[in-house]
Amino acid sequence: MADKCSPFFLGLYGKDYLSNFISSVEFERIHIKNEEVGVSISRMESSYEERKGIPGHPHRHNFYTVLLVDKATGTHAIDFNEYILDQHQVFFVAPDQVHHVVEDQEPKGFVILFTDDFLMRNNIPVNFIDQLKLFHDFGQAPPLQLSEEEHRQLALYCEEMLGLFEGDLSLKAEAIGALLKLFLIRCNNVCSLSENIRPENDHSQAILLEFKQLINQKHKEWHATSHYARALNISSDYLNRIVKAKTDKTAKEHIQSRIIVAAKRLLHFTDFSSKEIGYELGFSEAANFSAFFKKCVGLSPDFRQNH
């Protein structure tokens, strides 16, 4: 497996397509084709054929993406973490995560795309997604490995959703929504990361979700656990105990992980200097950002200048 910051990734994520940037700090974002419907189901084979086997560019979506892999060879990089494509896998990609699929040959499987609006219109609360712990806004996002029987059942759901999506049945969106919820619940039931899910009214779960939302909003400004604890009206110690108990990572590790993901995105997809990236991410001194990045990643943020 290639290192996340190796020359392989620098070559794979070249900067030739940066003319597609939406702004100086954003790169290609793919939107769902029919936003009014808010859901799409297709076969992985179809996407491969449309691209004539040529890998697309790294990109991010404004919707959730689920890949149910029957069999495939190649790699799937999500936020600069590379995973091997194999058989009987499920990948979950959250909105705004950068991902890139590179297949060695035609894959078999399904692609499910859906928006927050689709969930709400079908009486699936967005916090249902958060509680399942299948989608990760940042950090590691490894595939869920399935048994043959688990994969068979999920593939049946996908076949039925695809038939509904391509058909003209009345209330098909509602039917797809029901099947999607069953699909995600079944994934959750085999996901070792979610064995200890608590009820919706669990106070500590609510704190964790709000903490993660704050990290996404404030990671450029707030680098200390105390900032988030103050916003949540709790002590830093209490916040850390909740986060550690539910994720096996400290609050500080979550904050640092989000900053590193943002830094990697800017390093790979912009021409910003490490000093500019540090300033963008709230570091007043370039040396402080460089030391932080090297401590977390093991490389200086200036590594790309050597390749």
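## Salt bridge in helix α9

Helix α9 spans residues 236–247 and contains both Asp 237 and Arg 241, which sit four residues apart, about one turn of the helix. In this predicted model, Asp 237 forms a salt bridge with Arg 241, and their closest N and O atoms are 3.1 Å apart. Asp 237 is partly exposed, its relative accessible area being 49%.

The general background is brief: side chains of opposite charge can pair when their charged atoms come close. The structure holds seven salt bridges in total, including the one between Asp 237 and Arg 241.

## Salt bridge in helix α5

Another of these pairs joins Arg 152 to Glu 149, with 2.8 Å between the closest N and O atoms. Both residues belong to helix α5 (residues 148–166), where they are three residues apart, about one turn of the helix.

Arg 152 has a relative accessible area of 40% and is therefore classed as partly exposed. Glu 149 is also partly exposed, at 43%.

## Lys 218 and Glu 221

Lys 218 forms a salt bridge with Glu 221. Their closest N and O atoms are 3.9 Å apart, and the pair counts as a salt bridge because the cut-off is within 4 Å.

The accessibility classes of the two partners are as follows. Lys 218 is partly exposed, with a relative accessible area of 25%. Glu 221, with a relative accessible area of 52%, is exposed, because that class begins over 50%.

How values were computed. Residues are numbered from 1 along each chain as its sequence is written. This is a predicted model: local features need pLDDT of at least 70, side-chain atom pairs count only at pLDDT 80 or more; totals for chains, interfaces and linings use all residues. Side-chain values use heavy atoms; hydrogens and water are left out. A salt bridge is a side-chain nitrogen of Lys or Arg within 4 Å of a carboxyl oxygen of Asp or Glu. Helices (H or I, at least four residues) and strands (E, at least two) are DSSP runs, numbered from the N terminus. Buried means under 20% relative accessible area, exposed over 50%, partly exposed in between (1.4 Å probe, protein chains only).
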